[in-house]
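User: I would like to go through the labels attached to this structure and hear the reasoning behind each of them. Please set each value against its cut-off before you conclude.

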Amino acid sequence: QVQLVESGGGLVQAGGSLRLTCVASGSIFSLNTMKWYRQAPGKQIELVASITSRGSTNYEDSVKGRFTISRDNAKNTVSLQMSSLKPEDTAVYYCNLEQRPPSFYTSVVYWGQGTQVTVSS
């Protein structure tokens with residue numbers, strides 16, 4: 001089992017910055033992908049950014065140039081540095097870890113409980 005705990009959410013004015021952090025614990029294998037998703041009220045959940053254990057990153061178009069995902073493999077943490085925040089970034093942000101344990105044919109996905117980010121105009 002894997003547990004994910006997010007922190008760092010809060011209320012910020014438009015143009016401000018926040019840093020989200022997710023700490024993973026449990027049975028974590030060396031090859032995995034960690035992601036940040038978000039869900040705004042009344043909207044579907046969307047992938048914000050992802051990073052593989054080798055450091056390859058991807059971003060949703062609306063956050064490119066404003067958000068930076070990073071990870072520390074030794075500490076099993078992933079962070080999301082968010083800058084130039086906009087009211088439309090308001091959402092609950094979820095940490096996600098995907099890995100394929102040995103002898104498994106498919107990946108297993110774990111989710112954190114979410115952290116609220118609110119950007120005021």
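User: Why is R66 called buried?

Analyst: In this predicted model, R66 has a relative accessible area of 11%, and because buried means under 20%, R66 falls into the buried class. R66 is found in the loop between β6 (57-59) and β7 (67-72). Leaving out residues up to four places away in sequence, R66 touches Q81, M82, S83, S84, L85, K86 and D89. One of these, M82, is 16 residues from R66 in sequence, while the two C-alpha atoms are 6.1 Å apart in space.

User: What makes the pair of D89 and R66 a salt bridge?

Analyst: The side chains of D89 and R66 meet with an N to O distance of 2.8 Å, and because the cut-off between a side-chain nitrogen of Lys or Arg and a carboxyl oxygen of Asp or Glu is 4 Å, the pair counts as a salt bridge. The pair links distant parts of the chain, with D89 in the loop between β8 and β9, R66 in the loop between β6 and β7, and their positions 23 residues apart. In general terms, side chains of opposite charge can pair when their charged atoms come close.

User: Why is the contact between the side chains of D89 and R66 also called polar?

Analyst: The side chain of D89 makes this contact with the side chain of R66 at 2.8 Å, and because a polar contact needs a pair of N or O atoms within 3.5 Å, one able to donate a hydrogen and the other to accept it, the pair is listed under that term too.

User: Is D89 buried or exposed, and how do you know?

Analyst: D89 has a relative accessible area of 1%, and because the buried class covers values under 20%, D89 is buried. Both D89 and R66 are therefore in the buried class. Leaving aside neighbours within four places in sequence, D89 is in contact with R38, R66, F67, S84, V117 and V119.

User: Which residues are joined into one network by salt bridges that share partners?

Analyst: Salt bridges with shared partners join R38, E46, R66 and D89 into one network. Within it, the side chains of E46 and R38 meet at 2.6 Å, N to O. R38 is buried at 5% relative accessibility, whereas E46, at 30%, counts as partly exposed, because that class lies between the limits of 20% and 50%. The structure holds 5 salt bridges, and another of them is formed by K64 with D61, the closest N and O atoms being 3.1 Å apart. D61 has a relative accessibility of 60% and counts as exposed.

User: How do you know that C22 and C95 form a disulfide?

Analyst: The S to S distance between C22 and C95 is 2.1 Å, and because a disulfide is a pair of cysteine sulfur atoms within 2.5 Å, the two residues are joined by one. By this rule the count comes to 1 disulfide. The pair links distant parts of the chain, with C22 in strand β3 (residues 18-26) and C95 in strand β9, 73 residues apart. C22 is buried at 0% relative accessibility, and C95 likewise counts as buried at 0%.

User: Why is the disulfide of C22 and C95 called left-handed?

Analyst: The torsion about the S-S bond of C22 and C95 is about -80°, so the disulfide is left-handed.

User: What makes I45 partly exposed?

Analyst: The relative accessibility of I45 is 40%, and because the partly exposed class lies between 20% and 50%, I45 belongs there. I45 is found in the loop between β4 (32-39) and β5 (46-52), and together with V109 and W111 it makes a nonpolar surface patch of about 270 Å².

User: What is the phi of N76, and how is this residue classed by accessibility?

Analyst: Phi of N76 is near 55°, a positive value in a residue other than glycine. N76 lies in the loop between β7 and β8, and its relative accessible area of 28% makes it partly exposed.

User: Why is S103 called exposed?

Analyst: S103 has a relative accessible area of 71%, and because exposed means over 50%, S103 is placed in that class. S103 is in the loop between β9 and β10 (108-111), and it has a positive phi of about 75° although it is not a glycine.

Technical notes: Residues numbered from 1 in each chain as written. Predicted model: local features only at pLDDT ≥ 70, side-chain atom pairs only at ≥ 80, totals over all residues. Heavy atoms only, no water. Patch = residues over 30% accessible without salt bridge, like charges linked within 9 Å, V, L, I, M, F, W, Y side chains within 5 Å. Areas by Shrake-Rupley, 256 points an atom, 1.4 Å probe, with all protein chains shown as cover. Helix = DSSP H or I, 4+ residues; strand = E, 2+ residues; numbered from the N terminus. Buried < 20%, exposed > 50% of the residue type's maximum accessible area, 1.4 Å probe, protein only. Contact = heavy atoms within 4.5 Å.
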